[in-house]
Amino acid sequence: MTDMHRRAWLAAMAGLAWGASPAAAQRRRPATRLPVVVLDPGHGGADPGAIGPGGTQEKRITLALAIELRRQLLAGGRCRVVLTRGRDVFVPLGRRVQVARDQEAALLVSLHADAAPPGQASGLRGASVYTLSEDASDALAAALARRENLADRAGGLRLPSVSPEVQRILLSLMRQETHAASTRVARLTVNALEGDFALLNQPHRRAGFVVLKAPDVPAVLVEGGFLSHPRDESLLNTPAHRARLARALAGAINRYLAGPRVAGVEALAAPV
Ligand SMILES: [Zn+2]
């Protein structure tokens, strides 16, 4: 059993149905199909995101980068790819998370470009990678679990019934596994970028981004550079630079997908 399957099992046991609908939750893909990587181009539609001194809109950079990254990942043949948006439309943050959960994604990668706060540190540049801070994940995982559990009752899903205490423990285990996997992706990503790209100091950072908060889908948010810095803005506007960036990200994602599997989980999964 892969760590992905283990997470799916923990999610089901904890009452966290995969997906919003009973149909989505009950759909099970054959284990042999390639894992899904969800790419999330930040912003879109009425929300342009950051705007560079040259007028570059973050929403356009993130979409172009996502489309190039999808192309490279598909060429690598190790995963399927789903985009949370493939054009210039507004997609609420919660919906982006739900796409990843509906897809039973192995990984969610949200793509953004930074901007220094007005009047501050205008020299800031370089890429960084965020994972969810542990504090943020606790409260949200609990809230999500509550909501999903209510949805389960309403939708009449047939999920294994376990006591609230066992459910809490399973949810905690799942969250720890998801967090560990997210951290692994972040480290692989920083390693892939190091040396070839300008990086922010302490490039692996933690914050409570909503899009990272699914308790059952490992997730990272990549800031490809600072749109507020003219050099980064110029680079992010260059297709060749975006292609190099996508190559590094695809390398990290493929290394993650090929990574170690959790051992000894078959016994744990036996009751299912
Ligand atoms: Zn952004």
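**Exercise 1. The helix pair α3 and α8**

Determine how helices α3 and α8 are oriented to each other, and which residues bring them together.

*Solution.* The model is a predicted one, and the values used in these exercises are computed from it. Step one is the angle: α3 and α8 pack at about 50 degrees, with their axes 9 Å apart. Step two is the classification: angles under 35 degrees count as roughly parallel and those from 65 to 115 as roughly perpendicular, and α3 and α8 are therefore oblique to each other. Step three adds the hand, since the crossing of α3 and α8 is right-handed. Step four is the contact itself, to which α3 contributes Ala64, Leu65, Glu68, Leu69, Gln72, Leu73 and Gly76, while the residues from α8 include Arg242, Leu245, Leu249 and Ile253.

**Exercise 2. Two helix residues and their surroundings**

Decide for Ala64 and for Leu193 whether each is buried, partly exposed or exposed.

*Solution.* Begin with Ala64, which lies in helix α3. A residue needs 20 or more other C-beta atoms within 10 Å to be buried and has 12 or fewer if exposed; because Ala64 has 17 C-beta neighbours inside 10 Å, Ala64 counts as partly exposed. Along the chain Ala64 and Gly86 are 22 residues apart, and their C-alpha atoms are separated by 9.3 Å.

Turn next to Leu193, which has its place in helix α6. Leu193 is buried, because 24 other C-beta atoms lie within 10 Å. When residues up to four places away in sequence are left out, Leu193 touches Ala127, Leu199 and Ala248. Leu193 and Ala252 are 59 residues apart in sequence, yet 9.0 Å apart in space, C-alpha to C-alpha.

**Exercise 3. Reading the sheet**

Work out the order of the strands in the sheet, identify its edges, and follow the pairings made by β6 and β4.

*Solution.* The secondary structure of the protein comes to 9 helices and 6 strands. The sheet is open and is formed by 6 strands in the order β2-β1-β3-β6-β4-β5, with mixed pairing. Its edge strands are β2 (80-83) and β5 (199-207), each of which pairs on one side only. From one strand to the next, the twist averages 20 degrees.

The individual pairings show where the mixed character lies. Strand β3 (residues 107-114) and strand β6 (residues 219-226) pair in the parallel sense over 6 bridges, and Leu111 stands opposite Val222 in β6. Between β4 and β6 the pairing is antiparallel, over 3 bridges, and there the bridge partner of Val129 is again a residue of β6, Val222. On its other side β4 pairs with β5 in the parallel sense, over 5 bridges, with Leu132 opposite Ala207 in β5.

**Exercise 4. Helices against the sheet**

Establish which strands are touched by α3 and by α6, and how many residues of β4 are buried.

*Solution.* Helix α3 (residues 58-76) lies across β1 (36-41), β2, β3 and β6, and runs at about 140 degrees to β3. Helix α6 (residues 164-193) also packs on the sheet, where it touches β3, β4 (127-132), β5 and β6, and its direction makes about 175 degrees with that of β4. As for β4, this strand is mostly covered, with 6 of its 6 residues buried.

A further helix, α4, can be examined in the same manner: Arg96, Val97, Val99, Ala100 and Arg101 are buried in it, and the elements covering the buried residues of α4 include β1, β2 and β3. Just after α4, Glu104 takes a positive phi of about 50 degrees.

**Exercise 5. The largest nonpolar core**

Find which residues of the largest nonpolar core touch the most other members, and which element gives the most to this core.

*Solution.* The largest nonpolar core has 52 residues, of which Val37, Ala105, Leu107, Val109, Val220, Leu249 and Ile253 touch the most other members. At least two residues each come from β1, α3, α4 (93-102), β3, β4, α6, β6 and α8 (239-257), and α8 gives the most, with 8 residues. In soluble globular proteins, nonpolar side chains tend to be buried together.

Leu107 serves as a worked instance: not counting residues up to four places away in sequence, Leu107 touches Val37, Val185, Pro218, Ile253 and Tyr256. For the protein as a whole, buried residues make up 42% of the 272 residues, and among contacts between residues at least 6 apart in sequence, 84% join residues at least 24 apart.

How values were computed. Residues are numbered from 1 along each chain as its sequence is written. This is a predicted model: local features need pLDDT of at least 70, side-chain atom pairs count only at pLDDT 80 or more; totals for chains, interfaces and linings use all residues. Two strands pair if DSSP finds at least two bridges between them. Helices (H or I, at least four residues) and strands (E, at least two) are DSSP runs, numbered from the N terminus. Axes are lines fitted to C-alpha atoms, for helices over the stretch in contact, and angles run from 0 to 180 degrees between N-to-C directions. Two residues are in contact if their C-beta atoms, placed from the backbone, lie within 7 Å. A nonpolar core is a set of buried Ala, Val, Leu, Ile, Met, Phe, Trp, Tyr and Cys residues joined through C-beta atoms within 7 Å. Angles under 35 degrees count as roughly parallel, over 145 as roughly antiparallel, 65 to 115 as roughly perpendicular and the rest as oblique. A crossing is left-handed if the near helix is turned anticlockwise from the far one by less than a right angle, and right-handed if clockwise.
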